[in-house]
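Thank you all for coming. I would like to walk through one structure with you, place by place, and I will put the sequence and the model on the screen now.

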Amino acid sequence: KIFSQKKRKHVTETTKIASLLLIPLFFFLLLPLLLLFLSSTSTPSLSLLPSPNKPMDTLIALVNRIQRACTVLGDHGADAALPTLWEALPSVAVVGGQSSGKSSVLESIVGRDFLPRGSGIVTRRPLVLQLHKIEQELQDYAEFLHLPKKRFTDFSMVRKEIEDETDRLTEKSKRISPVPIHLSIYSPNVVNLTLIDLPGLTKVAVEGQPESTVQDIERMIHSYVEKPNCLILAITPANQDIATSDAIKVSRQVDPSGERTFGVLTKLDLMDKGTNALDVLEGRSYRLQNPWVGIVNRSQADINRSVDMIAARRREREFFTTSPDYSHLASQMGSEYLARILSKHLESLIRVRIPRIASLINKNIDELVAEMTRLGRPVAVDAGAQLYTILELCRDFEQVFKEHLDGGRPGGDRIYGIFDHQLPAALRKLPLDRHLSLQNVRKVISEADGYQPHLIAPEQGYRRLLESSLHYFKGPAQASVDAVHFVLKELVRKSIAETQELKRFPTLQAEVAAAANEALEKFREDGRKTTIRLVEMESSYITVDFFRKLPQEVEKGKNPASSSAERYAEGHFQRIGSNVSSYVEMVSETLRNSIPKAVVHCQVREAKRSLLEHFYAQLCKKEERQLAQLLGEDSELMERRQQCAKRLELYSSARDEIEALCWSG
């Protein structure tokens with residue numbers, strides 16, 4: 001029993017000691033996992049940096065896919081009106097004069113005879129040449145981006161397709177075009193590399209070409225090589241003075257430090273005996289940051305005999321290894337070496353540029369989304385959806401119009417200004433003083449009496465004076481109607497201009513404006529009739545109590561004969577004019593309050609309630625074709641939306657490609 005107790009005590013103590021030892025061990029094992037988790041949740045910009053161990057072919061393939069997407073979706077750097085991704089992508093541009101051996105260099109790198117040949121300017125469109133290395137036992141083949149389902153194994157047909165595709169866009173006019181042709185070649189004899197073959201520099205245009213061809217080619221080449229992310233492959237023949245090289249001249253203009261330029265010296269085997277190009281190849285004649293590479297191409301006789309390109313590569317290697325002048329540089333000469341160093345430098349440039357490209361993509365996506373929102377969604381094709389769209393746009397317009405009237409937007413206060421300032425001012429300016437002058441009152445009263453003078457009060461004269469005086473109020477009443485009508489028309493114009501979506505459809509915009517103005521004309525006519533009726537109502541029934549309360553002309557105790565004598569005296573007519581003026585002032589105050597009510601009721605209220613009521617009734621009767629005509633957009637706007645949609649698709653695809661690359665492996 002004692003032994004058992006001691007044993008249990010010993011086990012307990014051992015367990016405690018083991019626990020104390022396991023705690024730091026557990027923390028030591030957990031620490032790397034914690035660091036890994038923290039690194040995985042770091043900022044997105046850091047995640048866009050590709051791993052240094054990312055395979056070269058993966059990075060170049062990424063740019064290849066984005067370049068192909070650029071061409072498919074219309075981005076080849078020529079359109080300054082839209083953000084471009086093409087110009088941000090690292091590339092290798094092949095530059096050289098005519099007869100510099102540019103085509104032979106490309107064919108030597110590929111190991112295939114596939115480029116068009118001839119006199120004059122043969123390359124008239126940029127050729128984006130994407131090389132893909134495949135397994136050794138597989139057969140070479142080529143694919144064009146514009147013929148995605150067709151595989152070429154006969155490279156003479158590749159040459160013909162380049163010529164046909166060039167003519168298709170340039171219409172056999174021998175002019176040049178900035179729209180590139182994309183050609184992918186899959187072969188076990190290439191490295192993963194993308195080259196852009198540009199038209200050869202020339203001094204004069206050939207027959208059938210525009211006079212501007214020389215300048216057009218220079219502008220096209222500069223548009224590629226002036227980009228800081230473009231490597232320049234400057235092709236110069238060895239039998240030409242380097243100081244007069246067209247390619248070096250262009251390189252010196254855009255890359256004076258020579259940091260991005262790779263000099264290629266061709267036709268070394270055609271130099272005069274006893275001469276060599278070591279001063280150029282070793283950087284003494286013209287120094288570049290990158291080494292010069294010498295190339296020995298097939299001769300014209302070899303081309304005529306269709307000498308195999310692989311055999312030509314072998315002969316090129318033999319030339320450099322056996323040459324007493326160049327044997328010490330043999331490991332750094334030849335088309336195969338050139339392809340390897342270009343691929344390596346292109347991969348390094350892509351690795352450095354990817355974070356900046358990703359940032360540009362995200363920025364341009366935000367800008368394009370904002371512009372697409374401003375341009376609006378595409379128009380539906382079925383009649384029901386089109387009718388709904390039209391009604392929705394009309395409701396938006398009516399809402400803006402109501403906001404102007406109710407004070408949410410400026411303009412409605414002008415109607416109150418008409419009632420509070422213009423109408424009272426117009427009433428004060430009525431020529432009532434002249435109309436109720438002593439001379440005119442005497443004239444009206446006398447004419448109203450006729451051959452038999454009035455007995456006590458000149459009632460007919462009073463009525464004539466009142467009716468003619470009240471007639472003047474029709475002018476201010478109608479002026480108020482017209483002034484409010486003008487304000488409402490102006491608010492309709494503003495509301496249409498401020499309904500952003502309506503701007504997309506000029507035909508619908510014009511129809512809505514016409515319908516709204518037609519309705520306002522109807523409301524103005526109703527307002528005019530109502531206000532005129534108010535004035536006529538005042539004329540048609542005189543308020544008798546007003547005159548009964550006036551002082552009587554003949555007071556008690558006065559002599560009737562003397563009153564009769566005074567009946568045509570000056571004071572008598574003055575009292576009549578004064579009485580009529582007092583009554584007119586009372587009516588003026590009444591109309592000052594009732595005219596605005598009539599105008600608002602007939603014009604403003606109806607404009608808010610039923611501005612487009614007739615338009616809606618007619619809209620429901622329209623056929624699908626007529627609805628489609630109403631939603632006919634401005635052609636420039638439609639084209640802009642299509643361009644933005646394509647460019648947005650390109651940027652979204654490129655972002656997905658980069659994110660997939662950065663998060664894989």
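If we set aside residues up to four places away in sequence, Ser104 touches Arg117 and Asn297. Please keep in mind throughout that what you see is a predicted model. Ser104 lies in helix α4, and with a relative accessibility of 13% the residue counts as buried, since the limit for that class is under 20%.

Let me stay with that helix for a moment and turn to its packing. Two packed helices are described by the angle between their axes and the distance between the axes. For α4, which covers residues 102-110, and α11, which covers residues 335-375, the angle is about 80° and the axes are 8 Å apart. That makes the two helices roughly perpendicular, because angles from 65 to 115 degrees are placed in that class. On the α4 side the contact is made by Val105, Ser108 and Ile109, and on the α11 side by Ser335, Leu338 and Ala339. What is the chemical character of the residues in this contact of α4 with α11? Four of them are nonpolar and two are polar, while none is charged.

Ser108, which we have just met in that contact, also brings us to another part of the chain. Ile310 and Ser108 are 202 residues apart in sequence, and yet their C-alpha atoms are 8.4 Å apart in space. Ile310 belongs to helix α10, residues 309-322, and at 30% relative accessibility Ile310 counts as partly exposed.

Now to the aromatic residues. A search of the whole structure finds eight aromatic pairs, and I will describe two of them. A pair of aromatic rings is described by the distance of the centres and the angle of the planes. In the pair of Phe319 and Phe320 the ring centres are 5.3 Å apart and the planes stand at 85°, so this pair is edge-to-face. Are these two residues buried or exposed, or something in between? Phe319 is partly exposed, with a relative accessible area of 24%, whereas Phe320 is buried, with a relative accessible area of 2%. Phe320 also pairs with Tyr326, again edge-to-face, with 6.2 Å from centre to centre and 70° between the planes. Tyr326, for its part, has a relative accessibility of 3% and counts as buried. Taken together, Phe319, Phe320 and Tyr326 form one aromatic cluster.

A ring of another kind of interest is that of Tyr141, where Arg151 lies over the face at 3.8 Å from the ring centre.

Next, I would like to look at some positions in loops, beginning with Ile176, which lies between α5 (155-170) and β5 (181-187). Where does this loop residue find its contacts? Leaving aside neighbours within four places in sequence, Ile176 is in contact with Arg124, Thr170, Thr213, Asp216, Ile217 and Met220. Its relative accessibility is 14%, and Ile176 therefore counts as buried. Ile176 and Pro126 are 50 residues apart in sequence, with a C-alpha to C-alpha distance of 9.1 Å.

Lys267 sits in the loop between β8 (261-266) and α8 (278-281). Most residues other than glycine have a negative phi. Lys267 is not a glycine, and nevertheless has a positive phi of about 60°. At 22% relative accessibility, Lys267 counts as partly exposed.

The last of these loop positions is Asp634, found between α23 (624-630) and α24 (635-663). Asp634 touches Arg504 and Pro506, again not counting residues up to four places away in sequence. With Pro506 the separation is 128 residues in sequence, but 6.8 Å in space from C-alpha to C-alpha. Asp634 counts as partly exposed, at 33% relative accessibility.

Let me finish with the chain as a whole. Its secondary structure comes to 24 helices and nine strands, and buried residues make up 45% of the 665 residues. Of the contacts in the chain with a separation of 6 or more, 81% are between residues 24 or more positions apart, and the pair of Asp634 and Pro506, 128 residues apart in sequence, is one example of a contact across a long stretch of sequence.

Definitions and conventions. Residues numbered from 1 in each chain as written. Predicted model: local features only at pLDDT ≥ 70, side-chain atom pairs only at ≥ 80, totals over all residues. Heavy atoms only, no water. Axes fitted to C-alpha atoms, helices over the stretch in contact; angles between N-to-C directions. Helix = DSSP H or I, 4+ residues; strand = E, 2+ residues; numbered from the N terminus. Parallel < 35°, antiparallel > 145°, perpendicular 65-115°, else oblique. Contact = heavy atoms within 4.5 Å. Nonpolar A, V, L, I, M, F, W, Y, C, P; charged D, E, K, R; others polar. Phe/Tyr/Trp six-rings, centres within 6.5 Å; stacked < 30°, edge-to-face > 60°. Buried < 20%, exposed > 50% of the residue type's maximum accessible area, 1.4 Å probe, protein only. Lys NZ or Arg CZ within 6 Å of the ring centre and 35° of its normal.
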